[in-house]
Amino acid sequence: MAAKGIQMIRTQGARANKSGEILESHVETTLRAHGYFQVCSHVPKKQRREFILTSTLLPKRYAKQVYIGTGIYQTDIYVDFYIFGLPAMPSGLIIECKWQESEGSVDEKFPYLNLNIQYSYPAPTIIVIGGEGMREGAVEWLKERETDNNNLLAVHSLDRFIAWANKYLQ
């Protein structure tokens, strides 16, 4: 019985990871559709930020899993996407993707994410939310942080992110 429970947890965890990867792939497809190119995929994660900052031959560029420094707990922070090429955002744009299909802990991490965005992220940030498993009120709470966190640009569902990108990533 215990082995079956462990297998179920692994299966649920694997499904959650796969779903998160699918959300990220949709964000990446949107970036590419707007003329952004991925850089430094073969560069170690801790060196990607410096590489993307200096890769000026590609004016519209992004990197995935970029180390940006330490967070509020003094632990390493890696962001899902770091984008350069928006004239209105010379320090770049960070996109974080959060997926939760069923009960889990992603939404419990929203306050931690919000504080890191506010105090540790070097650029304005958009959070793209996917799945229908967030606790009632969690996404609304995070969206309300847009008013008191100057670094949190927006919290979007995937379809709202695509609409935003169509308007602002040109």
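What percentage of the 170 residues of the protein count as buried? The share is 42%, where buried means under 20% relative accessible area, exposed over 50% and partly exposed in between, with a 1.4 Å probe and protein chains only. This is a predicted model, in which local features need pLDDT of at least 70 and side-chain atom pairs count only at pLDDT 80 or more, while totals for chains, interfaces and linings use all residues. Residues are numbered from 1 along each chain as its sequence is written, and side-chain values use heavy atoms, leaving out hydrogens and water.

**Overall layout**

The protein has 5 helices and 6 strands, taken from DSSP runs (H or I of at least four residues for helices, E of at least two for strands) and numbered from the N terminus. Along the sequence they come in the pattern α-β-α-β-β-β-α-β-α-β-α. Among contacts (heavy atoms within 4.5 Å) with a separation of 6 or more, 63% join residues 24 or more positions apart.

**Val27 in helix α1**

Let's start with Val27, found in helix α1 (residues 2-33). Val27 counts as buried because its relative accessibility is 0%. Beyond its neighbours within four places in sequence, Val27 is in contact with Phe81, Ile95, Cys97, Val128, Leu158 and Phe161. One of these partners, Val128, is 101 residues away in sequence, yet the C-alpha to C-alpha distance is 8.4 Å.

**Aromatic pairs and charges over rings**

Two of the contacts of Val27, Phe81 and Phe161, also take part in ring pairs. Rings of Phe, Tyr and Trp (its six-membered ring) pair if their centres lie within 6.5 Å; planes under 30 degrees apart are stacked, over 60 edge-to-face, and the rest tilted. By this rule there are 6 aromatic pairs, including the two below.

| Pair | Centre to centre | Angle between planes | Type |
|---|---|---|---|
| Tyr62 and Phe81 | 6.1 Å | 55 degrees | tilted |
| Phe161 and Trp164 | 6.1 Å | 20 degrees | stacked |

Tyr62 in strand β2 (residues 61-70) and Phe81 in strand β3 are 19 residues apart, so their pair links distant parts of the chain. Tyr62 is buried at 0% relative accessibility, and Phe81 is buried at 0% as well. Phe161 and Trp164 are 3 residues apart in helix α5 (residues 158-168), which means about one helical turn separates them. Phe161 is buried at 0% and Trp164 is buried at 11%. Together with Tyr168, Phe161 and Trp164 form one aromatic cluster.

A charge sits over a ring if NZ of Lys or CZ of Arg is within 6 Å of the ring centre and within 35 degrees of the ring normal. Lys45 lies over the face of Tyr78, 5.7 Å from the ring centre, and Lys46 lies over that of Tyr67, at 4.7 Å.

**Helix α3 and Asn151**

In helix α3 (residues 110-119), the buried residues are Phe110, Leu113, Asn114, Asn116 and Ile117. They lie on the same side of α3 because they cover an arc of only 165 degrees around the axis, judged by the directions from the helix axis to the C-beta atoms. These residues pack against β3 (76-84), β4 (93-99), β5 (125-130), α4 and β6.

Where does Asn151 sit? Its place is the loop between α4 (138-144) and β6 (152-157). Asn151 counts as buried because its relative accessibility is 16%. The Asn151 side chain reaches the backbone oxygen of Ile117 at 2.9 Å, and a polar atom of that side chain lies 2.9 Å from the backbone oxygen of Tyr121.

Conventions. Polar contact = N/O pair within 3.5 Å; in protein donor to acceptor, adjacent residues only side chain to side chain.
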